[in-house]
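User: Could you take a close look at one part of this model for me, the paired strands and whatever packs around them? I'd like one connected walk-through rather than a list.

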Amino acid sequence: MSESKSSRLDDLVARSRQDQAARERGYREQALKMYPWVCGRCGREFTRANLRELTVHHRDHNHDNNPPDGSNWELLCLYCHDNEHQRFTDAAPGRGTTHGSTATHSPFAGLAGLLKGDRDAGDDSSSS
Ligand SMILES: [Zn+2]
Ligand SMILES: [Zn+2]
């Protein structure tokens, strides 16, 4: 019944995943053909044996930006690639500071205080 529908969706998802994988393989191969197999940060050299540890980094961090001249690619080893992205996210504003839950500035918190204040004020006036 709904099987055909869901399998068609699965098919679509699988196909778009394949597309993406193919695209990533595509630019990786191109970048590896274009550049020497050396990490652009630490200078580590790579051979076929450990080539899968050499990754393609996108200078502008946009994986969809793959100009054929390779100007947006940089070959980085896994570690330097990781560092590069960490640096990028660290630089992003607001990262690292875990602000309290949004409940802190919920309007109801103030309302509760007001209501409580009212009752307290009443107590105060009677006591003073
Ligand atoms: Zn490296
Ligand atoms: Zn990257």
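Analyst:
**The strand pair and its surroundings**

Confidence in the protein chain peaks in strand 2, at 98, and is lowest in helix 3 (residues 107-127), at a mean of 56. Those numbers are pLDDT, the predictor's confidence in each residue, from 0 to 100. Over residues 95-103 the pLDDT drops below 50, and that stretch has 3 contacts in the model beyond near neighbours in sequence. The protein chain as a whole averages a pLDDT of 80, with 67% of the residues scoring at least 70.

Some housekeeping before going in. This is a predicted model, so local features need pLDDT of at least 70 and side-chain atom pairs count only at pLDDT 80 or more, while totals for chains, interfaces and linings use all residues. Residues are numbered from 1 along each chain as its sequence is written, and chains are lettered from A and ligands numbered from 1 in the order in which they are written.

The protein chain has 3 helices and 2 strands, running α-β-β-α-α from the N terminus on. Helices (H or I, at least four residues) and strands (E, at least two) are DSSP runs, numbered from the N terminus.

Now the strands themselves. Strand 1 and strand 2 pair in the antiparallel sense over 5 bridges; two strands count as paired if DSSP finds at least two bridges between them. Within that ladder, Val56 has Leu75 in strand 2 as its bridge partner. Strand 2 is largely enclosed by the rest of the structure, because 4 of its 5 residues are buried. Here buried means 20 or more other C-beta atoms within 10 Å of the residue's own, exposed means 12 or fewer, and partly exposed is in between, with C-beta atoms placed from the backbone. Across the protein chain, buried residues make up 9% of the 128 residues.

That leads to the core. The largest nonpolar core has 10 residues: Tyr27, Ala31, Cys39, Leu54, Val56, Trp73, Leu75, Leu76, Cys77 and Cys80. Helix 1 (3-34), strand 1 (54-58) and strand 2 (73-77) each put in at least two of these residues, and strand 2 gives the most, with 4. A nonpolar core is a set of buried Ala, Val, Leu, Ile, Met, Phe, Trp, Tyr and Cys residues joined through C-beta atoms within 7 Å.

From the core, Tyr27 touches Val56, Asn66 and Trp73, leaving out residues up to four places away in sequence. Contact means that the C-beta atoms of two residues, placed from the backbone, lie within 7 Å. Arg28, in helix 1, is partly exposed, with 17 other C-beta atoms within 10 Å. The C-alpha atoms of Arg28 and Leu75 are 9.0 Å apart, though 47 residues separate them along the chain.

Back in strand 2, Glu74 is partly exposed, with 19 other C-beta atoms within 10 Å. Glu74 is in contact with Gly40, His57 and Arg59, setting aside neighbours within four places in sequence. Its C-alpha atom sits 9.7 Å from that of Leu32, 42 residues away along the chain. For the protein chain in general, 52% of the contacts between residues at least 6 apart in sequence join residues at least 24 apart.

The link between the strands is worth a look too. His61 lies in the loop between strand 1 and strand 2, and His61 has a positive phi of about 60° although it is not a glycine. Most residues other than glycine have a negative phi. With 12 C-beta neighbours inside 10 Å, His61 counts as exposed.

Last stop, helix 2 (residues 78-91), which holds Asp82. Asp82 also counts as exposed, since it has 12 C-beta neighbours inside 10 Å. From C-alpha to C-alpha, Asp82 is 9.7 Å from His57, with the two 25 residues apart in sequence.
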